[in-house]
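Subject: Structure handover

Hello,

Here is the structure for you to take over. My notes follow below it.

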Amino acid sequence: MGKTIYIVLTDTGTVLSKMIGMYTRKDFNHASIAFDEQLTEVYSFGRKYQSNPFIAGFVKENVAEGIFRDASCAVLSWKVSESEFERIRFKIRHIEQNKEQYRFNFIGLFGVAVNKGIDRERAYFCSQFVATVLNESDLPMFSVSPSLVQPHHFSKIKCFNHVYEGDLHSYLDMARGREERRTAHMSGWKSLVFRILA
């Protein structure tokens, strides 16, 4: 029967995202993996606190709030077997249960810039995390090390179906239903401060 996983590529418009974009020259510079079309269960490596991009690690993301409030996105889907789906979930659950042992691979980002993969134990950046989870779930799809995988690389993989590209909240309105969408709890000025500091 099979299950579906989703890869979510985003551009949050934060200062850090813009800096990465200056190097990659790509529209989307953050990658996450999700287990449902409504994007209620989304995982990645990123900031743990909305106001500080330098305290980062494994995170379960709320894509309806915070830095995602004005984000653009691309949503990709992939049909996998139930056993493949469960292997991916098991891998992510294991990381989540031990998340304090994992770090963000900031040094790895510099490695990508000079095309030299830098692997560190229990340390990932966003796209490295997603590629590693797929690799270790017996679903390898890249000929290069996960430490060299960038978010835009996922959009070039033929097995992925391109579900949507555009405003993230428009997607959430369609997928969740407008009445069910979680509204952001931050005031406008607080959101602006977060984006300036990001």
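**Lys48 and its partner**

Lys48 has a relative accessibility of 34%, so this residue counts as partly exposed. One caution before the rest: this is a predicted model.

The side chain of Lys48 forms a salt bridge with that of Glu100, at 4.0 Å from N to O. Lys48 sits in strand 3, and Glu100 sits in the loop between helix 2 and strand 6 (103–104), so the bridge ties together parts 52 residues apart in sequence. Glu100 is at 64% relative accessibility and therefore counts as exposed.

**The other salt bridges**

The count for the model is 4 salt bridges. Two besides the Lys48 pair are worth a look.

Take Glu41 and Arg89. Their closest N and O atoms are 3.2 Å apart, and they form a salt bridge. Glu41 belongs to the loop between strand 2 (30–34) and strand 3 (42–49), while Arg89 belongs to helix 2 (residues 82–97), so this pair links parts 48 residues apart in sequence. Are these two residues buried or exposed? Both Glu41 and Arg89 are buried.

Then look at Lys91 and Glu136. Their side chains meet in a salt bridge at 2.5 Å, N to O. Lys91 is in helix 2 and Glu136 is in helix 4 (residues 126–136), so the contact ties together parts 45 residues apart in sequence. The burial differs across the pair. Lys91 has 16% relative accessibility; the cut-off for buried is under 20%, so Lys91 counts as buried. Glu136 has a relative accessible area of 46% and is partly exposed.

**Strand 1 and its neighbours**

Strand 1 covers residues 3–11. Of its 9 residues, 7 are buried, so the strand is largely enclosed by the rest of the structure.

Which strands pair with strand 1? One is strand 5 (residues 72–80), antiparallel to strand 1 over 9 bridges. Within strand 5, Cys73 stands opposite Thr10. Another is strand 2, which also runs antiparallel to strand 1 and is joined to it by 5 bridges. Here Val8 has Ser32 of strand 2 as its bridge partner.

**Val42**

Val42 is part of strand 3. Its relative accessibility is 0%, so Val42 counts as buried.

What does Val42 touch, leaving out residues up to four places away in sequence? The list is Ser32, Ile33, Ala34, Val59, Lys60, Glu61 and Val63. Ser32 is thus a contact of Val42 and the bridge partner of Val8. Val8 and Val42 are 34 residues apart along the chain, with their C-alpha atoms separated by 8.4 Å.

**The second largest pocket**

How much space lies in the second largest pocket? About 150 Å³.

Its lining is made up of these residues:

- Leu9, Lys26, Asp27, Phe28 and Ala74, among others
- His152, Ser155, Lys156, His162 and Glu165, which complete the lining

By class, 3 of the lining residues are nonpolar, 3 are polar and 4 are charged. Leu9 falls within strand 1 (residues 3–11), and Ala74 falls within strand 5 (residues 72–80). Those two strands pair in the antiparallel sense.

**Where to start**

Open the Glu41 and Arg89 salt bridge, where both residues are buried. Then go to strand 1, with 7 of its 9 residues buried. Finish at the second largest pocket, with Leu9 and Ala74 in its lining.

Best wishes

Methods
Residues numbered from 1 in each chain as written. Predicted model: local features only at pLDDT ≥ 70, side-chain atom pairs only at ≥ 80, totals over all residues. Heavy atoms only, no water. Helix = DSSP H or I, 4+ residues; strand = E, 2+ residues; numbered from the N terminus. Buried < 20%, exposed > 50% of the residue type's maximum accessible area, 1.4 Å probe, protein only. Pairing = 2+ DSSP bridges. 1 Å grid on protein atoms, 1.4 Å probe; cavity = no way out; pocket = protein on both sides within 12 Å on 5 of 7 lines; lining within 4 Å. Points joined across faces, edges and corners; volume = space filled by probe spheres on them. Nonpolar A, V, L, I, M, F, W, Y, C, P; charged D, E, K, R; others polar. Contact = heavy atoms within 4.5 Å.
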